[in-house]
Amino acid sequence: MSSASINATTISTPTLDTESSVLLQSITSHGGYAYARMATLAAAGDLRAAEAAREMAWEQLHSGPWHSVLPVWRDAYSMACLHVAKFHFSNGEFRDALRALDMGIIMGGPLLRKDLDSAIEVVSAAKARQYDNGGADADNEGGEKAGSRLLVCPEELDKSEVLRILPIGSLSSKIVGKRSALSLEGFLRDAFLSGSPVIITDCMAHWPARTRWNDVDYLRRVAGDRTVPVEVGKNYLCSEWKQELITFSQFLERVQSNGCRCKVPTYLAQHQLFDQINELRKDISVPDYCYAGGGELRSLNAWFGPAGTVTPLHHDPHHNILAQVVGKKYVRLYSASYYEELYPYSETMLNNSSQVDLDNIDEVEFPKSAFGGAILEVQRCLNIVVISPWSNWTSYQNHNWKIYIQAEENN
């Protein structure tokens, strides 16, 4: 965070100031006359107009499938969020300002992203000063009592518990090999070029996330008031599955209050959290393995979830490096040779997912299912799992609270 951001008393929006007239003209050309009028009033200091403009843009974002929304309306939403955030910030309403800015990042377009990011730095710095001074906002919502700061308590792997949770015969299947501090040359030769999964140990010891992400107080302090998208329901294939936007503190509180075996889990899944919350990005390092094939890093996503969270059997179109930071889970892999036996969906949106529920296999509906060839591995924290595209189908199940990141690489 820059010193200018720490000492700033107003939100500066240089891109908005420069691009505002051109953006409003573009919005007007697409029928947004009412929005342009409200946005102009908002820029002149009318809070109600700013909120009305944001609502108009929100309606446009939900007027049809996301891919059919005109990009100009995403930028319009970001503009309105900046106006709303300015008002909240000037009134000392830092949480409300952060929510408006986060919504602009999550739902808005790229044009005003730098303004949104710099505004978040300013608001976060002001909120930190208020906290240090013992202001009203210092009491973080859902604060934890002393003595219950750890998300996951250190424990040895209980093999009897593993056998109770895993499907029958799991550990008799092929086990993915482990390599300690694998060199780049060895990684290319033994894993990348051959398309073979591998577990790499002893390569995350220097990550601050190892301890910080298991500390409830730390997570609440750096991310508690930030708004994030979460998934509610067993998994994305279930009819009751839905998405919500809540603060990170609300997410932590919901998961912990529901217990470790809640019927309807809440899951922060496949979100570009590190693009949104820079403080968490500083706690990790992208492994050099991500660049071993000469390609570029496609995405860097985060998953935070409770025990019992299951990712359905699926395959990805890119190489994956999965880093388990906190907690443990088992990863179940199948070779691409089992394609027909895995019964992938025929619909375009789900054709990378299997119809088979590994927790309750229907042998009548899926008679060709051949799951004896599964590759299974109980995965604990501080390990990295490398999974190649198309050559493997993957399913994950958490044993307790888990936090992991996944990097995808094009080649």
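Trainee: Hi! What volume does the largest pocket have?

Mentor: Hello! This is a predicted model, and in it the largest pocket has a volume of about 1200 Å³.

Trainee: Which residues are the closest to its centre?

Mentor: Those are Glu-231, Tyr-236, Gln-243, Ala-269 and Gln-270, out of 38 residues that line the pocket.

Trainee: And which elements give two or more residues to that lining?

Mentor: One helix number to look for is helix 6 (94–107). The strands are strand 4 (227–232), strand 5 (242–247), strand 6 (266–271), strand 7 (297–305), strand 8 (310–314) and strand 14 (402–409).

Trainee: How many nonpolar, polar and charged residues are in the lining of the largest pocket?

Mentor: The lining has 16 nonpolar residues, 16 polar residues and six charged residues.

Trainee: Back to helix 6, then. At what angle does helix 6 pack with helix 7?

Mentor: Helix 6 and helix 7 (residues 113–132) pack at about 160°, and their axes are 10 Å apart. An angle over 145 degrees counts as roughly antiparallel, so helix 6 is roughly antiparallel to helix 7.

Trainee: Is that crossing left-handed or right-handed?

Mentor: Helix 6 passes helix 7 in a left-handed crossing.

Trainee: Which residues meet there?

Mentor: From helix 6, they include Phe-94, Leu-98, Leu-101 and Ile-105. On the helix 7 side, Leu-116, Ile-120, Val-123 and Lys-127 are among them. By class, the residues of this contact divide into 10 nonpolar, three polar and five charged.

Trainee: New topic: helix 3 and helix 5. How far apart are their axes?

Mentor: The axes of helix 3 (residues 33–43) and helix 5 (residues 71–90) are 10 Å apart, and the packing angle is about 30°. Angles under 35 degrees count as roughly parallel, so helix 3 and helix 5 are roughly parallel to each other. Their crossing is left-handed.

Trainee: What meets what in that pair?

Mentor: Tyr-35, Ala-39, Ala-42 and Ala-43 in helix 3 meet a set of helix 5 residues including Trp-73, Tyr-77, His-83 and Phe-87. This contact has 10 nonpolar residues, one polar residue and no charged residues.

Trainee: Last one! How do helix 2 and helix 3 pack?

Mentor: Helix 2 (residues 14–29) packs with helix 3 at an angle of about 155°, with the axes 7 Å apart. That angle makes helix 2 roughly antiparallel to helix 3. Leu-24, Ile-27 and Thr-28 of helix 2 make the contact with Tyr-33, Tyr-35, Ala-36, Ala-39 and Thr-40 of helix 3. The contact residues divide into six nonpolar, two polar and no charged.

Notes
Residues are numbered from 1 along each chain as its sequence is written. This is a predicted model: local features need pLDDT of at least 70, side-chain atom pairs count only at pLDDT 80 or more; totals for chains, interfaces and linings use all residues. Side-chain values use heavy atoms; hydrogens and water are left out. On a 1 Å grid over the protein atoms alone, a cavity is a set of points where a 1.4 Å probe fits but cannot get out, and a pocket is an open set with protein on both sides within 12 Å along at least five of seven lines; lining residues have an atom within 4 Å of a point. Grid points are joined across faces, edges and corners, and a volume is the space filled by probe spheres set on the points. Helices (H or I, at least four residues) and strands (E, at least two) are DSSP runs, numbered from the N terminus. Ala, Val, Leu, Ile, Met, Phe, Trp, Tyr, Cys and Pro count as nonpolar, Asp, Glu, Lys and Arg as charged, and the others, Gly among them, as polar. Axes are lines fitted to C-alpha atoms, for helices over the stretch in contact, and angles run from 0 to 180 degrees between N-to-C directions. Angles under 35 degrees count as roughly parallel, over 145 as roughly antiparallel, 65 to 115 as roughly perpendicular and the rest as oblique. A crossing is left-handed if the near helix is turned anticlockwise from the far one by less than a right angle, and right-handed if clockwise. Contact means heavy atoms within 4.5 Å.
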